[in-house]
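This report describes a protein and the ligand placed with it, beginning with the strands and ending with the shell around the ligand.

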Amino acid sequence: MTSIHAIRAEDFEEWTALWDGYLRFYESEVPAAVTARTFRRITEGDGVHGAIARDDEGRAIGLVHWLTHASTWSPTDYCYLEDLFVAPGVRGGGVGRALIAHVRDWAAEHGSDKLYWLTQEGNATARALYDRVATHTGFTHYEIAL
Ligand SMILES: CC(C)(COP(=O)(O)OP(=O)(O)OC[C@H]1O[C@@H](n2cnc3c(N)ncnc32)[C@H](O)[C@@H]1OP(=O)(O)O)[C@@H](O)C(=O)NCCC(=O)NCCS
């Protein structure tokens, strides 16, 4: 059975392997200093939260990161799920669904008004899951790189 726990300092090597897989999935790289800072922020509770999923043998098989922010539309914060990744060999077994449920429960316990996330239009695999657990809003994402 999958277990999910908050990311701790001792998870660094396993977390890094999953994080690298996630970046490869997006054909992206981030500087090592950013990776180190992100991990530090997660483990020190500095504005970013993270959880890791483990299989029966204790192997790390998935990660999720999230944060909260104020909203002009709500008296309470919104919760934004920024990263979700499951190791290729265990996909389709409910780990992604469990990681989303973990964040949903956390957000509800911490008084968030809603949990939301973005995905690429063409990410059919992720959307097959998201369509089962959330509502597709129809919003389109824009950004300006600075
Ligand atoms: C998206 C991702 C996190 C899903 O994780 P996962 O552990 O495979 O997902 P789950 O097993 O919990 O899937 C849950 C549902 O989605 C469906 N699903 C998952 N993979 C699917 C696939 N390849 N094709 C069709 N349906 C799929 C399952 O049928 C399942 O529904 P069910 O439980 O009702 O049968 C994983 O594929 C992944 O890490 N992908 C690469 C990174 C990525 O895209 N991250 C998300 C960025 S927004």
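## Strand pairing

In this predicted model, strands β3 and β4 pair in the antiparallel sense, and eight bridges join them. Within this pairing, Thr68 stands opposite Cys79, a residue of β4. On the other pairing of β3, strand β2, which covers residues 49-54, is joined to β3 over six bridges, again in the antiparallel sense, and here Ala51 faces Val64 of β3. The connection between β2 and β3 is a hairpin with five residues between the two strands, and Gly58 in the turn takes a positive phi of about 90 degrees.

How enclosed is strand β3 by the rest of the structure? Seven of the ten residues in this strand, which covers residues 60-69, are buried, so β3 is largely enclosed by the rest of the structure.

## Overall architecture

The protein contains four helices and five strands, and read from the N terminus its elements follow the order β-α-α-β-β-β-α-β-α. Taken along the principal axes, the box filled by the C-alpha atoms is roughly 40 × 35 × 30 Å. For a chain of 146 residues, a compact globule would be expected to have a radius of gyration near 15 Å, and because the protein has 15 Å, the model agrees with that expectation.

Of the 146 residues, 21% count as buried. When contacts are restricted to residues at least 6 apart in sequence, 57% of them join residues that are at least 24 apart.

## Helix α2 and the loop that follows

Helix α2 comprises the 13 residues 32-44, and at 1.5 Å a residue these should span 18 Å; the end C-alpha atoms are 18 Å apart, so the helix agrees with the expected span. Just after α2 comes Gly45, whose phi is positive, at about 65 degrees.

Asp46 lies in the loop between α2 and β2. This residue has 11 other C-beta atoms within 10 Å and is therefore exposed, given that the cut-off for this class is 12 or fewer. Although Asp46 and Leu67 are 21 residues apart along the chain, their C-alpha atoms are separated by 9.8 Å.

## The shell around the ligand

Which elements supply at least two residues each to the shell around the ligand? They are β4 (78-86), α3 (95-109) and α4 (124-133), with α4 giving the most, at five residues. In total 18 residues surround the ligand, and the closest of them are Arg91, Gly96, Arg97, Ala128 and Leu129. By residue class, the shell divides into eight nonpolar, seven polar and three charged residues.

Arg91, one of the closest residues to the ligand, has its place in the loop between β4 and α3. Is Arg91 buried, exposed or partly exposed? With 15 C-beta neighbours inside 10 Å, Arg91 counts as partly exposed, because a buried residue needs 20 or more such neighbours and an exposed one has 12 or fewer. The C-alpha atom of Arg91 is separated by 9.5 Å from that of Gly62, with the two residues 29 apart along the chain.

Methods: Residues numbered from 1 in each chain as written. Predicted model: local features only at pLDDT ≥ 70, side-chain atom pairs only at ≥ 80, totals over all residues. Near = placed C-beta within 6 Å. Nonpolar A, V, L, I, M, F, W, Y, C, P; charged D, E, K, R; others polar. Rg over C-alpha atoms; globule rule 2.2 N^0.38 Å. Contact = placed C-beta atoms within 7 Å. Expected span 1.5 Å × (residues − 1). Pairing = 2+ DSSP bridges.
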